[in-house]
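Reader: I am new to reading protein models, and I would like to learn how to follow one feature at a time. Could you take me through this one slowly?

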Amino acid sequence: MYKVFTRTFWRNNPAWPDGREPGLGKKTTLKKNIKTEAEAQQICRDWNRTHEPGKLSRKAEYEET
């Protein structure tokens, strides 16, 4: 089983170049109890294609549960 979630890869910090520093954000679940890895990958691709990552690079990922 797999879970798909989003999170950011940067956090705001004016002291760093571009005003951001590396830092993983809190996971926000999009969908869980996904049966196949292929389905989880497709959900991530679809979400990432239709959502701009923004300055903090918010993207969909998946993990095995």
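Reader: Let me begin with the helix: in which helix do Arg49 and Asp46 both lie, and how many residues apart are they?

Author: Please keep in mind from the outset that this is a predicted model. As for the general idea, side chains of opposite charge can pair when their charged atoms come close. In this case Arg49 and Asp46 both belong to helix α1, three residues apart, which is about one turn of the helix, and they form a salt bridge whose closest N and O atoms are 3.1 Å apart.

Reader: Is each of these two residues buried, partly exposed or exposed, that is, how do Arg49 and Asp46 count?

Author: The general idea is to look at the relative accessible area and to see on which side of the cut-offs a residue falls, since over 50% is exposed and under 20% is buried. Arg49 counts as exposed because its relative accessibility is 61%, whereas Asp46, at 29%, counts as partly exposed.

Reader: How should I describe the chain as a whole, and what pattern does it follow along the sequence?

Author: A useful habit is to list the elements before turning to single residues. The protein chain has one helix and five strands, and read along the sequence they follow the pattern β-β-β-β-α-β. The C-alpha atoms fill a box of roughly 45 × 25 × 15 Å along the principal axes, and of the 65 residues in the chain, 29% are buried.

Reader: What share of the contacts with a separation of 6 or more is made by residues 24 or more positions apart?

Author: Here one compares position in sequence with position in space. Residues 24 or more positions apart account for 61% of the contacts in the chain with a separation of 6 or more. For a single pair, take Thr6 and Asn48, which are 42 residues apart in sequence, with their C-alpha atoms 9.4 Å apart in space.

Reader: Since you mention Thr6, where is it placed, and is it buried or exposed?

Author: Thr6 is in strand β1, which covers residues 2-7, and Thr6 is classed as buried because its relative accessible area is 2%. Beyond its neighbours within four places in sequence, Thr6 is in contact with several residues, including Lys26, Leu30, Trp47 and Ala60. There is also a polar contact of 3.0 Å between the side chains of Thr6 and Arg58.

Reader: Which residues make up the largest nonpolar core?

Author: The general idea is that in soluble globular proteins, nonpolar side chains tend to be buried together. In this model the largest nonpolar core has eight residues, namely Tyr2, Val4, Ile34, Ala40, Ile43, Cys44, Trp47 and Ala60. Two elements, β1 and α1 (37-50), each give two or more residues to this core, and the largest share, four residues, comes from α1. If you then follow one member outward, Ala60 is in contact with Phe5, Thr6, Leu30, Cys44, Trp47 and Asn48, leaving aside its neighbours within four places in sequence.

Reader: Returning to charged residues, how many salt bridges does the structure hold, and which side chain meets that of Glu61 in one of them?

Author: The structure holds six salt bridges, and in one of them the side chain of Glu61 meets that of Arg7, at 2.6 Å from N to O. This pair links distant parts of the chain, with Glu61 in strand β5 (residues 59-64) and Arg7 in strand β1, 54 residues apart. Arg7 counts as buried because its relative accessibility is 14%, and among its contacts outside its neighbours within four places in sequence are Leu24, Ser57 and Lys59.

Reader: With which residue does Glu63 form a salt bridge, and where do the two partners sit?

Author: Glu63 forms a salt bridge with Lys27, and their closest N and O atoms are 2.9 Å apart. This pair too links distant parts of the chain, for Glu63 is in strand β5 and Lys27 is in the loop between β3 (20-22) and β4 (28-34), 36 residues apart. Glu63 counts as partly exposed because its relative accessibility is 25%, and Lys27, at 34%, also counts as partly exposed.

Terms used. Residues are numbered from 1 along each chain as its sequence is written. This is a predicted model: local features need pLDDT of at least 70, side-chain atom pairs count only at pLDDT 80 or more; totals for chains, interfaces and linings use all residues. Side-chain values use heavy atoms; hydrogens and water are left out. Buried means under 20% relative accessible area, exposed over 50%, partly exposed in between (1.4 Å probe, protein chains only). Contact means heavy atoms within 4.5 Å. A polar contact is a pair of N or O atoms within 3.5 Å; within protein, one must be able to donate a hydrogen and the other to accept it, and residues adjacent in sequence count only if both atoms are side-chain atoms. A nonpolar core is a set of buried Ala, Val, Leu, Ile, Met, Phe, Trp, Tyr and Cys residues joined through side-chain atoms within 4.5 Å. A salt bridge is a side-chain nitrogen of Lys or Arg within 4 Å of a carboxyl oxygen of Asp or Glu.
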